[in-house]
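Biologist: I should like a close look at a single part of this model, namely its interior. Please describe how that part is put together and how far the prediction may be trusted there.

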Amino acid sequence: MELPVQITYRNMEPSDAVTARIEAEAAKLDTFFDRITSCRVVVEAPHRHHKWGELFHIRIELGVPGTELVVSHEPTPRATLSQEEEAVLKKHIEIHPEHKDVYVAVRDAFTSTRRRLQSYVNRLHGEVKHHERAEDTASVG
């Protein structure tokens with residue numbers, strides 16, 4: 001990476017251990033693409049009055065030639081419930097309890113970022129999947 005990782009903490013105290021983990025994860029991204037120009041990471045803990053406990057939100061902005069890849073890793077309460085469950089449990093549910101651990105939230109966010117970066121590199125090299133058209137497959141049989 002050409003520039004150091006910029007890390008911002010919101011609603012929480014900065015942590016040397018979390019900073020070291022983020023820097024290690026960011027360094028791994030260089031193995032997939034060595035022309036990363038910037039990496040900004042925001043680690044946010046919800047306000048103290050948050051009903052579901054401390055669910056960490058991670059936002060990664062990765063600068064690459066020609067664009068910026070942005071991954072916002074936030075567990076959402078509506079994504080995991082059916083309508084019946086939502087009506088019964090309403091505000092008393094615990095969504096993605098593993099995201100109470102900042103290290104797991106960082107790992108998951110960087111995993112998503114790695115997939116996004118790999119997709120960008122594949123497009124850059126012209127390695128895009130080409131799907132057969134329906135009329136081509138119909139005329140074969």
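**The interior and its surroundings**

Modeller: Of the chain's 141 residues, 31% count as buried, that is, they have under 20% relative accessible area with a 1.4 Å probe and protein chains only, whereas exposed means over 50% and partly exposed lies in between. This is a predicted model, in which local features need pLDDT of at least 70 and side-chain atom pairs count only at pLDDT 80 or more, while totals for chains, interfaces and linings use all residues. Residues are numbered from 1 along each chain as its sequence is written, and side-chain values use heavy atoms, with hydrogens and water left out.

The framework comes first. The chain holds four helices and four strands, taken as DSSP runs numbered from the N terminus (helices H or I, at least four residues; strands E, at least two). Their order from the N terminus is β-α-β-β-β-α-α-α. Strand 1 (residues 6-10) and strand 2 (residues 38-44) run parallel and are joined by five bridges; strands count as paired when DSSP finds at least two bridges between them. Within this pairing, R10 stands opposite E44 of strand 2. Together with helix 1 (residues 16-29), the two strands make a left-handed β-α-β unit. For the handedness, the strands point away from the viewer, and a clockwise path from the first strand over the helix to the second is right-handed.

On from strand 2, the pairing turns antiparallel: seven bridges link strand 2 with strand 3, and V43 faces I58 of strand 3. Strand 3 is also antiparallel to strand 4 (residues 67-73), again through seven bridges, with R59 opposite S72 in strand 4. Two residues separate strand 3 and strand 4 in their hairpin, and G66 in the turn has a positive phi of about 90 degrees. Strand 3 itself is mostly covered, six of its eight residues being buried.

Now to the interior proper. The largest nonpolar core comprises 26 residues, and I22, V41, I58, F110 and L117 touch the most other members. Such a core is a set of buried Ala, Val, Leu, Ile, Met, Phe, Trp, Tyr and Cys residues joined through side-chain atoms within 4.5 Å. Helix 1, strand 2, strand 3 (57-64) and helix 3 (102-124) each supply at least two residues of this core. Helix 3 gives the largest share, eight residues. In soluble globular proteins, nonpolar side chains tend to be buried together.

V41 shows how these elements meet. Leaving out residues up to four places away in sequence, V41 touches V5, Q6, I7, T8, I22, I58, R59, I60 and F110, where contact means heavy atoms within 4.5 Å.

T113, which lies in helix 3, gives a second view. T113 counts as buried because its relative accessibility is 1%. Beyond its neighbours within four places in sequence, T113 is in contact with L29, I60, L62 and V71. The C-alpha atoms of T113 and H73 lie 9.5 Å apart, although 40 residues separate the two in sequence. For the chain as a whole, 60% of the contacts between residues at least 6 apart in sequence join residues at least 24 apart.

P4 offers a contrast, as this residue of the segment before strand 1 is exposed, with a relative accessible area of 64%. Its C-alpha atom is separated by 8.9 Å from that of R40, 36 residues away along the chain.

As to trust, the predictor's confidence in each residue is pLDDT, from 0 to 100. The chain averages 78, and 63% of the residues score at least 70. Confidence is highest in strand 1, at a mean of 96, and lowest in helix 2 (residues 83-89), at 53. Over residues 78-82, pLDDT stays under 50, and the model has six contacts for them beyond four places in sequence. Over residues 90-99, pLDDT likewise stays under 50, with 24 such contacts. Where pLDDT is low, the predicted coordinates should not be read in detail.
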